[in-house]
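Thanks for sharing this one. Here are a few notes to read alongside the model, starting with how residues are sorted by type and then turning to the pockets and the chain.

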Amino acid sequence: MAAPICSISLLNVFLLLFSLEKGYAVEENDATKSYLHVVKVNSLLPTTACNHSSKVSNSLSLEVVHRRGPCIGIVNQEKGADAPSNMEILLRDQYRVDSIRARLSSRGMFPEKQATLPVQSGASIGAGDYVVTVGLGTPKQEFTLIFDTGSDITWTQCEPCSKTCYKQKEPRLNPSKSTSYKNISCSSALCNLVASEGSQNCSSSTCRYQVQYGDGSYSIGIFAAETLTLSSSNVFKNFLFGCGQQNNGLFGRAAGLLGLGRTKLALPSQTAKKYKKLFSYCLPASSSSKGYLSLGGQVSKSVKFTPLSADFDSTPFYGLDITGLSVGGRKLSLEESAFSAGTVIDSGTVITRLSPTAYSELSSAFQNLMTDYPSTSGYSIFDTCYDFSKYDTVRIPKVGVTFKGGVEMDIDVSGILYPVNGSKRVCLAFAGNDDDSDTSIFGNVQQRTYQVVYDGAKGRVGFSPGGCS
């Protein structure tokens, strides 16, 4: 049955009183419009059909799809035993969070207690969720790669596969059939770049790389140079990448990974002469829609920028400073210490992690405005969950994040609640860290539908709503 419309709920009373307290001469419906999302419950759930409409920016744009959604194609979807459950997805997400903290800890930024990982270390960080298609080799061969702002090295599976390789969408790259492929020698200074992402091995004359990810996945192979083709007019010779000959893990049917991190080995630095370390993306509202990844181009005036945090300059990550949170249009009472450990914005982490202090205030305020709906038990990393099985339409308080410089971001409704196993059981899509000294992470669910602009040359990250449509 639908939620009653005519009664004045506790949420509406609160919003009306809040508006009056602030001097707003508004009626209840105006307050509801300002501080609530009114949504169909089914719109929060995943679908099996792909919505092909998406916005294309004025620069080079690559189509972005979720690697577990219908837009990647029925043949290439993870199905059956290959398709992870929500519990597995969230467990892998926690591995990635632990891995990011371990890398920060190894650079002396945070306490050593954060360096404990479920896998052997190195550059361990879980693989991401969203994929793009690029070309490698001469003649060009297309590959579907996971793009990741938390990784630097780009790699793809290659022939010959020396030990283990996983199934992928396209045939693996065969260096012997490409006229532009070159191995990097151990004597080359370029070989030293591999150390920024993982580990290198120069037991032979050819430079080798090894990367291991927080969820147990890995890629080992030859460090090489090849022609990268993003479009007919965007071709880069001698692009450094990993030619993986031993690969295993949770990459779905993607052929490898596209590194968008901050070091010299990452794509933004290797293409800086043309794109000036400027790229942006829009992640769609659901896995059944498409987004884009753009490189270079002009920055829209609608984009509001916050500076990159200097605390993360020596790391591969993009660090930001969160200064406040709001629920239902009301700013939460939080001290600066709740955000003092800094924040990493990351395309590969699914769920945003906040300090325990900040998350507790957020969750409490959200629960106070959701008393019209039955709560249910927690799930995995979530502890604020609801049962919408008897509702067709629900009213959800808006959630906002404020970054340094006064940049305010109203989280899209698709980034506020997370559906559990495709049912009408949903949870607040945020989680708390173990300690206030742990780095916060701004995950991809909360970035949905925004154009997120990374301007490495000017040291800033920007946000603009409605980026995908």
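1. A word on terms: Ala, Val, Leu, Ile, Met, Phe, Trp, Tyr, Cys and Pro count as nonpolar, Asp, Glu, Lys and Arg as charged, and the others, including Gly, as polar. With that sorting, the lining of the largest pocket holds 16 nonpolar, 14 polar and five charged residues. Please keep in mind that this is a predicted model.

2. The largest pocket encloses about 860 Å³ of space. Its lining is made up of 35 residues, and Pro 46, Asn 86, Ser 287, Pro 419 and Arg 448 are the closest to its centre. Helix 3 (86-106), strand 25 (417-419) and helix 7 (444-447) each give two or more residues to this lining. Strand 25 supplies the largest share, with three residues.

3. For the second largest pocket, the volume is about 320 Å³. Ser 326, Gly 400, Thr 402, Glu 408 and Asp 410 lie nearest its centre, out of 17 lining residues. The elements giving two or more residues here are helix 2 (28-35), strand 16 (322-327), strand 23 (399-403) and strand 24 (407-410). By type, the lining splits into six nonpolar, seven polar and four charged residues.

4. Now the chain as a whole: there are seven helices and 30 strands. Of its 469 residues, 56% are buried. Among contacts with a separation of 6 or more, 70% join residues 24 or more positions apart.

5. Finally, the surface: the chain exposes about 19200 Å², and 50% of that comes from carbon and sulfur atoms.

Notes:
Residues numbered from 1 in each chain as written. Predicted model: local features only at pLDDT ≥ 70, side-chain atom pairs only at ≥ 80, totals over all residues. Heavy atoms only, no water. 1 Å grid on protein atoms, 1.4 Å probe; cavity = no way out; pocket = protein on both sides within 12 Å on 5 of 7 lines; lining within 4 Å. Points joined across faces, edges and corners; volume = space filled by probe spheres on them. Helix = DSSP H or I, 4+ residues; strand = E, 2+ residues; numbered from the N terminus. Buried < 20%, exposed > 50% of the residue type's maximum accessible area, 1.4 Å probe, protein only. Contact = heavy atoms within 4.5 Å. Areas by Shrake-Rupley, 256 points an atom, 1.4 Å probe, with all protein chains shown as cover.
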